[in-house]
Amino acid sequence: MEDYSTAASMLQVMLKHGFMLIRELRAGAKQPAGLPVMDNPGGYSYIQQVVVDGGAGVSCVAVDPREELIWMGGGGGHVSSYYSAACEKYTSFQAHPQGYPVRDLCVHSEGVISLSPNALRMNVRRGPTRWMQTSEDFCDLYAMTLLGKTEHRLAVSGNQPSLLEIDINRNGQILRRVALEDTGYKILRHNPQFLCCADFAGKIDLRSKDNFQVVHHFDASSANMMIQDMAVLGNQLVTCGVSDHYGRQTNHMYLRVYDLRMFRPQLLQMLFPPVLLRFLESYTSRVVCVSTAGQFQVLDVGLLETASPVNSIDPGVLQYPISCFDVCPSSQGIVFGDEGGNLYLYGTGTDIHFHNFCSNTPEFADPVDTPPAMDVLDPINILSSIPMPIHTGPLLSDLPPNVTRFRYHVAQPLDPSILSSIKMVGSIGYAPNNGRLRRNECSYILNKHAVASFKQQDQSPSHESQIPLYYHKIDIKYNKLGIEDFDYNQYNNTCFAGLESSLPNCYSNDMLQVFYFLEPLRMMLTNHSCEREFCLACELAYLFHMLENAQGMPCQASNFLRAFRTIPEVSALGLLFNEDRFTGKFDLMFVILSCKQLIQGWTRFMFTQLHQETADERTGVSVITQLFSIPQKILHRPTALPDILVINCGLDSAAAMDLWARKGSVGPLDAQNQSVVIGRAGQGDNSSIQLINKKCRFGDKCNRRSCRFQHSDTPDPFMGVRGERDTGSSSPGQSWLPFKLNIAVRGDAGGVTVRETELHNADGINYELAAIVCVILHD
């Protein structure tokens, strides 16, 4: 009777002020002067509007308690998330089949849990499914809640006579079933002490979170009352409801506020009919009330005051009734969802944060690396390194059908030695590698002539390499003692030390040896000392010290190569050698050009780097400028010559390579075998044989006219090269470069005069050939 009289008195106040206010607010009028007004320094204003995915209305919305994300569940079973106040789409996926709406969302530390009428599903924040649970106990689910922010237990109920406890860590396994006397629960909320449950008849049960036993019970104030929404924070519980009045459902114009310490409700009058409630977690007793028409108000239920301004969503923006909303943990923003599939974000400012202290950042997709610019006309560029785009139409490189024919790939002939040693196991044959190719490698035959030469090479067991035996690559066999048990004196009878070629980027070993044998450069670098971490001059000084004290034993340039790889310009200039690029058998020109560019690029980089590391801070003079610099007033017009010349041989074309091949030959060149043919002394001009660089076992007593081995009276193919060095004569066609040059600068004109001989009484500087760096390809 008391509740009825109170409701009647509030109904009179509502008839006096409430209806008038609602009509004026919907019409866009200002608040009546007769109602209490207070300042609104923390009012909420419009920030962003987003049309959600799924093609249906927004059925539930939740703000992520750990990251700057807004989660939305749609009436078509779709779930989407949006990042920050800009509402940038983060993830979007179909959580449940079409026609099964998402009725509730719970955000866990491991992902987001969505609830449909007959299923429970958990997805990680990036979208992939973690687990999905269906059961016969899931009849018509409506609500769920976590039993604590850090708990792994979940309470689930609906329009069914049972309350379920779900274990999240066990893929949604049902741990407990609690039978209910009446229908199930429509709303589930929790506080640190109770699990608050509101059923479809307007009753509220306070259950223990440990065993789900009923601790206290609130009956409905009338038989026809139902609860629309419920909010719980600390010891305060607030509800809003609807009643059946003369056959029509009418929303209450008041809130019922319960103090869970005294279990006594109090009524709080409202200026509009609330249907949705949420507490502001940053405050102890402030609750946000929202109506379906878009009005929302912040009330302090602890003081039971309604003297606060009423905000509303712009009627020009809001086209559909509000169906759900949520409040950010920082209380700086409010997210609304309507039945038309729109999200509205309101906040205290334009740049808001969902959390006051947020340490977790959403995991975004890795950025797509754009390939570097590449010249399609450069033969060194690897065009296959650029991925093929996804396309549906024809490409520019596609040939028309009238100029193409379909042909099957012809299998390559196998080596007869492989076929003779093959062992069949079922339908698979196994054979040992004959040493011609690497593991899992097969030569690519370009044309029929290559096939013929390949067959001829396989059928001729006497085929020999073009590389002299002295320069063949030697495989060092390691044992338990490492390299200490290997006899290097068998291959090196001098006191000079070599550099191991098994390390990455060891193509620079030849230029390191050249630097070492340039005595002025070696002396200046040996005296260099600094405190830099990766100084190439210091590493070269240490390497030169090892070469001096090695006494013929090989050394490793590992420290220098390690410092060489750490310099950013090395990778940018493409000076890091990749052996996978040079494994083809028929790409000789490609390999020579690539190695030549690597060596030349390495030399230019080393001169620049050593100049920067050894330059004097006051004068700017370094070891490089003293030995290698060429003063120029105008480009390509030198005024003086350096002490050491570094010459580029220019292996940029097939014609240049042919020129150097002809200059390097010492006799007639057999075009078929590519081997040097020299007539034996005393055998006449018409007799020519293919010589083998090995002494004859019979010595000078050999009487065979066709002996191919070396004798004391046989001219050495390389004797002309060594003889020229001793006598000082130079004859063209017996050396790649002349051993001596005379270069003079022609006055102010800036030109130079080059003579391939040494002049003692003429102007200019005489240069002597000190080293040649060449590329030797092993078979």
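Buried here means under 20% relative accessible area. The model shown in these close-up views is predicted.

**Figure 1. Helix H4 and its buried residues.** Helix H4 spans residues 509–517, and 7 of its 9 residues are buried, so the helix is largely enclosed by the rest of the structure. The buried positions of H4 are Asn509, Met511, Leu512, Gln513, Val514, Phe515 and Tyr516. In an α-helix there are 3.6 residues a turn, so residues three or four places apart point the same way.

**Figure 2. Tyrosine 516 and histidine 545.** Tyrosine 516 is one of the buried residues of H4. Histidine 545 belongs to helix H6, which comprises residues 536–549. Histidine 545 has a relative accessible area of 44% and is therefore partly exposed. Although 29 residues separate histidine 545 from tyrosine 516 in sequence, their C-alpha atoms are 9.7 Å apart in space.

**Figure 3. The open sheet E6-E7-E8-E9.** Four strands form an open sheet in the order E6-E7-E8-E9, and their pairing is antiparallel. E6 and strand E9 (129–133) are the edge strands, each pairing on one side only. On average, neighbouring strands of this sheet are turned by 15 degrees against each other, direction ignored. In general, the strands of a sheet pair through backbone hydrogen bonds, either parallel or antiparallel.

**Figure 4. Edge strand E6 and its partner E7.** Strand E6 covers residues 104–108; because 5 of its 5 residues are buried, E6 is largely enclosed by the rest of the structure. Asp104, Cys106 and His108 point one way from the strand, whereas Leu105 and Val107 point the other way, and all are buried. E6 pairs with strand E7 (residues 111–116) in the antiparallel sense, over 5 bridges. The connection between E6 and E7 is a hairpin of 2 residues. Within this pairing, aspartate 104 stands opposite leucine 115 in E7, and leucine 105 has serine 114 of E7 as its bridge partner.

**Figure 5. Strands E24, E25 and E26.** Strand E24 (residues 286–290) and strand E25 (residues 295–300) run antiparallel and are joined by 5 bridges. Valine 287 has leucine 299 of E25 as its bridge partner. The hairpin of E24 and E25 has 4 residues between the strands, and glycine 294 in this hairpin takes a positive phi near 105 degrees. E25 is also joined by 3 bridges to strand E26 (residues 310–312), and E25 and E26 run antiparallel. Here glutamine 295 is matched with serine 312, its bridge partner in E26.

**Figure 6. Cysteine 87, cysteine 328 and cysteine 495.** The model contains 0 disulfides when cysteine sulfur atoms must lie within 2.5 Å of each other. Cysteine 328 is in no disulfide, and the nearest cysteine sulfur, that of cysteine 87, is 9.7 Å away. With a relative accessibility of 1%, cysteine 328 counts as buried. Cysteine 87 is also buried, at 12% relative accessibility. By contrast, cysteine 495 counts as exposed, with a relative accessibility of 51%.

**Figure 7. Two non-glycine residues with positive phi.** Most residues other than glycine have a negative phi. Cysteine 87 is not a glycine, yet has a positive phi of about 55 degrees. This cysteine 87 is located in the loop between strand E4 (78–83) and strand E5 (88–94). Phenylalanine 212, likewise not a glycine, has a positive phi of about 65 degrees. The loop between strand E16 (204–208) and strand E17 (214–218) contains phenylalanine 212. Phenylalanine 212 has a relative accessible area of 1% and is therefore buried.

**Figure 8. A nonpolar patch on the surface.** Val376, Leu377 and Leu383 form this patch, and together they have about 350 Å² of accessible area. Leucine 377 is situated in the loop between strand E29 (342–347) and helix H2 (416–420). At 72% relative accessibility, leucine 377 counts as exposed, because exposed means over 50% relative accessible area.

Methods:
Residues numbered from 1 in each chain as written. Predicted model: local features only at pLDDT ≥ 70, side-chain atom pairs only at ≥ 80, totals over all residues. Heavy atoms only, no water. Buried < 20%, exposed > 50% of the residue type's maximum accessible area, 1.4 Å probe, protein only. Pairing = 2+ DSSP bridges. Patch = residues over 30% accessible without salt bridge, like charges linked within 9 Å, V, L, I, M, F, W, Y side chains within 5 Å. Areas by Shrake-Rupley, 256 points an atom, 1.4 Å probe, with all protein chains shown as cover. Salt bridge = Lys/Arg side-chain N within 4 Å of Asp/Glu carboxyl O. Axes fitted to C-alpha atoms, helices over the stretch in contact; angles between N-to-C directions.
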